Amino acid sequence: GLSPSVVRSVTMFTILQIAQFLGKESTQNHSVILCAFLMVVVDPNCVIDIGFQLSFLAVLGISNFQKRMENWISPKNKILRFLWSNTCVAMAAQSLTLPLTLYYFHTFPNYFLLANIGVAVISVMSMYLGFAYLFLCGVPYLGAICAIPFQFSLKALNRFLEIIASIP
């Protein structure tokens with residue numbers, strides 16, 4: 001019942017972990033292909049799911065183009081390097097998903113770079129706060145205190161996406 005992108009993510013992570021455990025080196029593309037094969041064997045209809053198609057194309061774009069794009073510019077500043085790296089991830093994913101996006105939705109996502117950079121920054125913060133909350137939620141008072149910044153970060157992420165969506 002999970003979305004194809006979640007199934008892909010978990011399956012690929014499992015494949016990569018099994019390969020590492022067995023001492024085998026698995027390339028990203030081989031893992032993507034094996035993952036797609038396993039998903040199609042389990043549910044042949046998943047191939048026609050837009051989420052399946054976009055998820056796999058995005059991962060293939062990132063695994064094949066992101067590092068090459070990052071080499072175009074080498075910022076010395078850590079913040080600029082972080083922003084450039086996330087920009088490259090967004091452009092690499094967009095490079096292969098664009099044709100399907102145009103086909104299915106008949107529009108180009110104009111603000112994808114801005115949205116991805118903002119989501120990257122806020123979601124990293126939310127992830128760390130979420131892990132802290134997960135580990136501390138059982139501790140009286142400390143869990144409740146930890147929940148406040150975690151909740152704030154999730155609301156900030158939603159608000160940021162609302163602002164991006166409202167731009168003409």
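This is a short talk on one helix, one pocket and two residues of the structure above.

Keep in mind that this is a predicted model.

Let's start with helix α1. It runs over residues 4–21, which makes 18 residues. From first C-alpha to last, α1 reaches 25 Å. At 1.5 Å a residue you would expect 26 Å, so the two are close, going by the expected span of a helix.

Which residues of α1 are buried? They are P4, R8, T11, M12, I15 and A19. Look down the axis of α1: the buried residues fall within an arc of 100°, so they line one face of the helix. What covers them? The cover includes α2, residues 28–42, and α3, residues 50–70. Now turn to the face pointing away from the buried side. There you find the exposed residues F13, Q20 and F21. Note the two phenylalanines there, F13 and F21. And just after α1 comes G23, with a positive phi of about 75°.

Next, the largest pocket. Its volume is about 380 Å³. How many residues line the largest pocket? The count is 17, and A58, A90, A93, Q94 and N116 lie nearest the centre. Three elements give two or more residues to this lining: α3, α4, which spans 78–105, and α5, which spans 112–136. Of the elements, α4 gives the most, with seven residues. As for character, the lining of the largest pocket has twelve nonpolar residues and five polar ones. Charged residues are absent from that lining.

Let me pick out Q94. This residue sits in helix α4, and it is among those nearest the centre of the largest pocket. Buried or exposed? Q94 has a relative accessible area of 12%, so it is buried, the cut-off being under 20%. Leaving aside residues up to four places away in sequence, Q94 touches F108, P109 and F112. So Q94 belongs to the pocket lining and is also buried, at 12%.

For contrast, take A165. Its place is in helix α6, residues 142–166. A165 has a relative accessible area of 65%, so it counts as exposed, the cut-off there being over 50%. How far is A165 from Y111 in sequence and in space? In sequence, 54 residues separate A165 and Y111. In space, C-alpha to C-alpha, the distance between A165 and Y111 is 8.8 Å.

That's the tour. Questions are welcome.

Methods
Residues are numbered from 1 along each chain as its sequence is written. This is a predicted model: local features need pLDDT of at least 70, side-chain atom pairs count only at pLDDT 80 or more; totals for chains, interfaces and linings use all residues. Side-chain values use heavy atoms; hydrogens and water are left out. Helices (H or I, at least four residues) and strands (E, at least two) are DSSP runs, numbered from the N terminus. Buried means under 20% relative accessible area, exposed over 50%, partly exposed in between (1.4 Å probe, protein chains only). The arc is that of the directions from the helix axis to the C-beta atoms. Contact means heavy atoms within 4.5 Å. On a 1 Å grid over the protein atoms alone, a cavity is a set of points where a 1.4 Å probe fits but cannot get out, and a pocket is an open set with protein on both sides within 12 Å along at least five of seven lines; lining residues have an atom within 4 Å of a point. Grid points are joined across faces, edges and corners, and a volume is the space filled by probe spheres set on the points. Ala, Val, Leu, Ile, Met, Phe, Trp, Tyr, Cys and Pro count as nonpolar, Asp, Glu, Lys and Arg as charged, and the others, Gly among them, as polar.
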